[in-house]
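Q: I'm new to this structure and would like a close look at a single part of it. Could you walk me through the sheet and whatever packs around it?

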Amino acid sequence: MKFGIIKERKNPPDRRVVFAPNELAKLKQLYHEATVEVESSDIRIFSDVQYKSMGITVTDDISNSDVLFGVKEVPVEDLIPNKSYFFFSHTIKKQPYNRKLLQAILEKNIDLYDHETIVDSHNRRLIGFGKYAGMVGVYNGIRAFGIKFELFKLPKAETLAGKEALIMHLKRITLPPLKFVITGTGKVGSGAKEILDAIKVKEIEVENYLTKNYTQPVYVQLDVLEYNKRIDGQVIDFNDFVDHPEAYVSDFEKFTKVTDIYFTGHFYASGAPVILTREMLNASDCKIKVVADISCDVNGPIACTLRSSTIAEPIYGYWPSEGKEVDVFHPGAVVVMAVDNLPCEIPKDASEGFGEQFMEHVIPAFFNKDKDGILERAKMTENGKLTPRFSYLQDYVDGKS
């Protein structure tokens with residue numbers, strides 16, 4: 001089995017990589033029958049020299065590899081026919097801007113495995129950068145509060161070395177007794193929680209969060225049934241929410257009355273209720289000053305997320321009474337941080353963590369005959385056709401949706 005790490009070619013440049021040098025060295029050590037090559041890159045967070053020093057071959061021609069690993073979409077003209085590829089294709093939700101990419105993958109007889117489609121037998125995602133998005137999202141949200149109220153200045157996350165540097169800079173500032181809320185307990189939520197815990201923000205119970213005042217910063221982390229409720233009043237379980245999202249309505253308003261900064265880490269599916277409505281934001285007793293929309297679903301469950309923002313320009317203002325974008329310093333503005341590629345700001349940590357997940361969950365499948373069905377479930381295309389699991393994309397490929 002010949003594995004290849006491809007150079008990222010999408011703009012703007014992404015410095016992340018699927019495997020850090022030490023993880024590739026571990027792969028070679030564990031699976032002697034595997035060969036590994038890394039395509040030379042001048043933008044990757046790890047240099048060619050760092051890979052070479054671990055005994056990894058670096059080359060300008062990756063075409064001898066059987067399986068190619070990347071992070072972002074591969075430009076159509078750079079796709080090598082008859083190979084297997086792993087990358088984020090951004091096609092599984094029928095994204096119009098990548099229709100030609102999926103069409104080209106089929107035409108070139110490529111077996112595509114999207115990182116998002118790597119799931120266990122219960123359809124839970126195994127691979128992702130979500131934890132690192134959560135980490136940077138918390139930092140950026142607190143930084144946005146400092147900017148809006150001119151209380152403190154934090155450097156941009158992208159200028160820092162990684163997670164530990166984020167924590168160090170956050171510890172240097174003095175936070176007022178703010179209340180933070182996190183929606184979601186998955187990878188994004190865990191990353192957000194890790195940063196808040198590291199800077200000694202106290203986690204409290206929901207009831208206390210809603211009813212008590214504190215002299216220090218505090219936070220609460222909410223599971224899906226703590227900020228959504230069934231319209232008929234029944235309390236069932238998470239699976240019911242997934243199966244019948246249309247039967248639920250947001251129960252988040254009570255949190256808007258006591259929260260200063262909101263970090264979103266929820267999973268949002270089609271048909272799920274809007275969590276934070278314009279009406280909630282426009283209410284006279286709404287206290288929210290910053291929304292760090294880490295999940296960043298434009299026209300989704302967070303009314304103030306009018307568009308995604310960028311690492312270069314990470315924040316904008318939202319004026320609830322008009323429902324439109326305004327300057328951050330507008331007196332009626334809620335500050336929105338909606339960067340949709342947050343893990344890019346700490347590429348070293350993100351790459352190392354991603355590679356560890358990949359080594360644990362995916363690589364063994366190549367050598368144990370895929371006994372747990374990891375590769376089978378993740379494969380989107382084969383022999384120039386969509387696999388049955390992804391046949392719902394046929395009308396998208398045909399240009400009909």
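In what order do the eight strands of the open sheet come, and what kind of pairing do they show?

A: Before anything else, keep in mind that this is a predicted model. Going across the open sheet, you meet its eight strands in the order E8-E9-E7-E12-E13-E16-E14-E15, and their pairing is mixed. At the edges stand strand E8 (202–203) and strand E15 (324–326); each has a single partner strand, so one side of each has no neighbour in the sheet.

Let's begin with E9, which covers residues 218–222. On one side, E9 pairs with E7 (residues 179–183) in the parallel sense, over five bridges. If you want a spot to find in the viewer, look for Lys-179, which sits opposite Val-218 of E9. E9 also pairs with E8, again in the parallel sense, this time over two bridges. There, Glu-203 has Tyr-219 of E9 as its bridge partner.

How covered is E9? Mostly: five of its five residues are buried. Val-218, Val-220 and Leu-222 point one way from the strand, while Tyr-219 and Gln-221 point the other way, and all of them are buried.

Now for the helices that lie on this sheet. Helix H6 (residues 187–198) lies across E7, E8, E9 and E12, and runs at about 165° to E9. With angles over 145 degrees counted as roughly antiparallel, H6 is therefore roughly antiparallel to E9.

Helix H4 is the other one to look for. H4 spans residues 130–149 and packs on the sheet, where it touches E7, strand E12 (261–264), strand E13 (290–292), strand E14 (315–319) and strand E16 (334–337). The direction of H4 makes about 155° with that of E12. Both H4 and H6 reach E7 and E12, so those two strands are handy landmarks when you go from one helix to the other.

How do the two helices meet? Two packed helices are described by the angle between their axes and the distance between the axes. For H4 and H6, the axes come within 6 Å and cross at roughly 45°. That makes the pair oblique to each other, and their crossing is right-handed. On the H4 side, the residues involved are Gly-130, Lys-131, Gly-134, Met-135 and Val-138. They meet Lys-187, Val-188, Ser-190, Gly-191, Ala-192, Glu-194, Ile-195 and Leu-196 of H6. Sorted by class, this contact holds six nonpolar, four polar and three charged residues.

H4 has a further helix to deal with, namely H5 (residues 163–172). These two pack at an angle of about 25°, their axes 11 Å apart, so H4 is roughly parallel to H5. This crossing is left-handed, whereas the one between H4 and H6 is right-handed. From H4 come Met-135, Val-136, Tyr-139 and Ile-142, and from H5 come Lys-163, Leu-166, His-169 and Leu-170. The classes here are six nonpolar, one polar and one charged. Keep an eye on Met-135: this residue of H4 appears in the contact with H6 and in the contact with H5.

Why do the contact residues of a helix come in steps like these? An α-helix has 3.6 residues a turn, so residues three or four places apart point the same way. You can see that kind of spacing in Met-135, Tyr-139 and Ile-142, which are among the H4 residues that touch H5.

One last stop is the loop between H4 and H5, where you'll find Glu-150. Its phi is near 50°, a positive value in a residue other than glycine. Is Glu-150 buried or exposed? Glu-150 is exposed, with a relative accessible area of 67%. Compare that with E9, where five of five residues are buried.

Terms used: Residues are numbered from 1 along each chain as its sequence is written. This is a predicted model: local features need pLDDT of at least 70, side-chain atom pairs count only at pLDDT 80 or more; totals for chains, interfaces and linings use all residues. Side-chain values use heavy atoms; hydrogens and water are left out. Two strands pair if DSSP finds at least two bridges between them. Helices (H or I, at least four residues) and strands (E, at least two) are DSSP runs, numbered from the N terminus. Contact means heavy atoms within 4.5 Å. Axes are lines fitted to C-alpha atoms, for helices over the stretch in contact, and angles run from 0 to 180 degrees between N-to-C directions. Angles under 35 degrees count as roughly parallel, over 145 as roughly antiparallel, 65 to 115 as roughly perpendicular and the rest as oblique. A crossing is left-handed if the near helix is turned anticlockwise from the far one by less than a right angle, and right-handed if clockwise. Ala, Val, Leu, Ile, Met, Phe, Trp, Tyr, Cys and Pro count as nonpolar, Asp, Glu, Lys and Arg as charged, and the others, Gly among them, as polar. Buried means under 20% relative accessible area, exposed over 50%, partly exposed in between (1.4 Å probe, protein chains only).
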